[in-house]
Amino acid sequence: IQSAASSYFVTEKTDGVRQLLVSVKKDGQEGSECFLVDRSFVVHNFPGGEALGLPHGSVVDGEVVMNLTLRRAVFMVFDILCVGIVDTKANLVTSLKFSKRLAYLADFEKRFFEPARNAALTTQPGAAGCASIPVLLKKFFQRHRIDRLFKCLQSHSGHHEYIPDKPQPGPIQVRHLTDGVIFQPDAAYVTGTDKALLKWKFLDTVTVDLRVHMMDGQVVFSCGHNGAEEIMLSKEQTSLGWHDTRRLLADMNAIMTVAIAEVGLDPATGSWFYKGLRPDKDRPNHLNTYLQTLVELAENITAEELEYRMIAESPAMDKWDEHCAKARRSIVEHIRTRQR
C-alpha cells in the first residue's frame with residue numbers, strides 16, 4: 001500500500017451480509033421499486049423501497065447489518081455501480097476511480113438516503129411509503145488518516161464496534177459490529193475478487209469459510225480449489241472440539257442442508273473454534289484464502305503497527321521494526337536499573 005501506484009482509502013470492515021441494492025422501474029406506474037441481490041444472485045424484496053426515490057436502474061453495493069442503536073437491520077452502502085438509466089442506456093460509473101464514485105454516493109446520500117431515513121422515523125417500520133430498512137453511507141478516510149478511523153473502533157468484552165467519534169447529522173446514528181479495516185484502492189470497480197482491495201482484521205475475528213461434510217460420523221471440512229473442485233482438509237489441519245462440533249451439528253440440523261461454516265483458529269491455544277453458519281454463501285473459501293488466513297495469524301499485525309505503517313508516507317519512512325527494537329531495549333534497561 002505504501003508504494004502502490006494508486007492511493008488508498010480506508011473504512012471499517014462491517015460484520016454484515018453483502019448485497020446489491022437495485023432500483024427497478026415499476027410496470028406501468030411512475031417511480032421505482034428496490035430489490036436486494038445476494039452473492040448467489042438470489043433476489044429479495046426490499047419493502048418500501050419506492051420511498052428512496054432512486055432513479056430506476058441505480059445499483060449500489062453494500063451490506064445488511066444490525067444497527068446496535070436502532071436494534072434493527074440497516075443497509076450500509078460502500079460503493080456504486082450505476083446511477084440510473086438515461087435514454088435507455090445504463091449510466092455506469094464502474095470505470096471511474098473510487099474517489100469519483102464517492103462523489104456520486106455523497107449525492108445519493110443527500111438526495112435520497114438521508115431524506116428517506118428522516119421520513120422513516122416519523123412512521124412505523126414497514127408502513128406504506130416508508131423504506132423498511134434505513135440506508136446509510138459508510139465513511140471513508142484517506143489511508144494516512146487511519147488514526148481517525150481507529151478512533152471510531154471500540155473493543156470490549158470480545159466484541160468490536162464502530163461508533164463515529166462525532167455524531168452524524170440526523171436522528172439515526174451509525175453503530176454496529178465490525179471486525180477490521182478495508183483498504184479500498186482509488187481505482188475502477190472490480191467484479192468478483194479485487195486483488196488490490198485489502199483487508200485487515202482483529203486477530204480474534206480472523207476466520208475462514210469452509211464446507212462441512214459428515215464422513216464416518218465425523219465432521220470434516222473442505223475448501224475451494226480449481227473451479228468447482230474442492231480439497232478435503234484432514235483432522236490435523238482443521239477440526240473442532242466437542243462443544244463446537246455439537247453447536248455446528250445443531251445449526252446444520254436446523255437448516256437441513258449442506259452448510260458453509262465460519263471457523264477460526266485461536267493462535268494462543270492452537271484450537272479451532274466455530275463461529276456460525278454462512279447461509280449467504282454457497283461456496284467455501286479457496287485454498288489460497290485458507291492459507292492466507294493462517295499466514296495472517298502468524299504475522300500478528302496489531303492495530304498499533306497497522307496505524308504506524310499507514311501513516312508512513314513511503315517504505316523509506318517506515319521504521320516500525322527499528323523503533324520496536326529500541327523500545328524493547330529500553331524496557332530491558334528500565335528493569336535492570338530498577339533491580340540495581
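Reader: I've got the model open at helix α3. Which residues on the other side of α3 are exposed?

Author: Those would be Trp 242, His 243, Asn 253 and Ala 254. Keep in mind that you're looking at a predicted model.

Reader: And which residues of α3 are buried?

Author: Asp 244, Thr 245, Leu 248 and Met 252 are buried in α3. Look down the helix axis and the buried residues fall within an arc of 100°, so they line one face of the helix.

Reader: What covers the buried residues of α3?

Author: The cover includes the strands β14, β15, β17 (260-266) and β18 (271-277).

Reader: What span should α3 have, counting 1.5 Å a residue?

Author: For the 14 residues of α3, 242-255, the expected span is 20 Å, and the end C-alpha atoms sit 21 Å apart, which agrees.

Reader: Let me zoom out. Which domains does the chain have?

Author: The domain assignment gives three pieces: domain 1 (9-188 + 195-201), domain 2 (206-299) and domain 3 (303-339). Between the C-alpha centres of domain 2 and domain 3 there are 36 Å.

Reader: Now salt bridges. How many does a search of the whole structure find?

Author: The general idea first: side chains of opposite charge can pair when their charged atoms come close. In this structure, the search turns up 21 salt bridges. One of them joins the side chains of Asp 179 and Lys 13, at 3.4 Å from N to O. Asp 179 is in strand β12 (residues 176-185) and Lys 13 is in strand β1 (residues 8-14), so the pair ties together parts that are 166 residues apart in sequence.

Reader: Are Asp 179 and Lys 13 buried or exposed?

Author: Both Asp 179 and Lys 13 are buried.

Reader: What does Glu 109 form a salt bridge with?

Author: With Arg 117, and the closest N and O atoms are 2.7 Å apart. Glu 109 counts as buried because its relative accessibility is 16%, under the 20% cut-off. Arg 117 is buried too, with a relative accessible area of 9%.

Reader: I also see Asp 321. Which residue does Asp 321 form a salt bridge with?

Author: Its partner is Arg 309, with 3.4 Å between the closest N and O atoms. The pair links helix α6 (residues 320-339), home of Asp 321, to helix α5 (residues 303-311), home of Arg 309, and the two residues are 12 apart. Asp 321 is exposed, with a relative accessible area of 54%, while Arg 309 comes out as partly exposed at 22% relative accessibility.

Reader: Which residues are linked in a network of salt bridges?

Author: Try selecting Arg 39, Asp 209, Arg 278, Asp 280 and Lys 281, which salt bridges link in a network.

Reader: Next, the nonpolar core. Which residues of the largest nonpolar core touch the most other members?

Author: Again the general idea: in soluble globular proteins, nonpolar side chains tend to be buried together. Here the largest nonpolar core has 25 residues, and Leu 21 and Leu 52 touch the most other members. At least two residues each come from β3 (32-37), β6, α1 (98-120) and β8 (135-137). The largest share, 7 residues, is supplied by α1.

Reader: What does Leu 21 touch?

Author: Leaving out residues up to four places away in sequence, Leu 21 has contacts that include Phe 35, Phe 46, Leu 52, Phe 75 and Val 135. There is also a second, separate core of 21 residues, with Ile 146, Cys 152, Val 174 and Val 181 among them.

Reader: Gln 184 caught my eye. Where is Gln 184 found?

Author: Gln 184 is in strand β12 and is buried, with a relative accessible area of 8%. Beyond residues up to four places away in sequence, Gln 184 touches several others, including Tyr 8, Phe 98, Arg 101, Phe 140 and Leu 197.

Reader: One last thing, backbone angles. What phi does Arg 71 have?

Author: Arg 71 has a positive phi of about 60°, although it is not a glycine. Arg 71 lies in the loop between β5 (58-67) and β6 (72-86), and counts as exposed at 71% relative accessibility. Asp 216 is another non-glycine residue with a positive phi, of about 55°. The loop holding Asp 216 runs between β14 (207-215) and β15 (218-224), and at 81% relative accessibility Asp 216 counts as exposed.

Notes: Residues are numbered from 1 along each chain as its sequence is written. This is a predicted model: local features need pLDDT of at least 70, side-chain atom pairs count only at pLDDT 80 or more; totals for chains, interfaces and linings use all residues. Side-chain values use heavy atoms; hydrogens and water are left out. Domain bounds come from an automatic or database domain assignment. Helices (H or I, at least four residues) and strands (E, at least two) are DSSP runs, numbered from the N terminus. Buried means under 20% relative accessible area, exposed over 50%, partly exposed in between (1.4 Å probe, protein chains only). The expected span of a helix is 1.5 Å times one less than its number of residues. The arc is that of the directions from the helix axis to the C-beta atoms. Contact means heavy atoms within 4.5 Å. A salt bridge is a side-chain nitrogen of Lys or Arg within 4 Å of a carboxyl oxygen of Asp or Glu. A nonpolar core is a set of buried Ala, Val, Leu, Ile, Met, Phe, Trp, Tyr and Cys residues joined through side-chain atoms within 4.5 Å.
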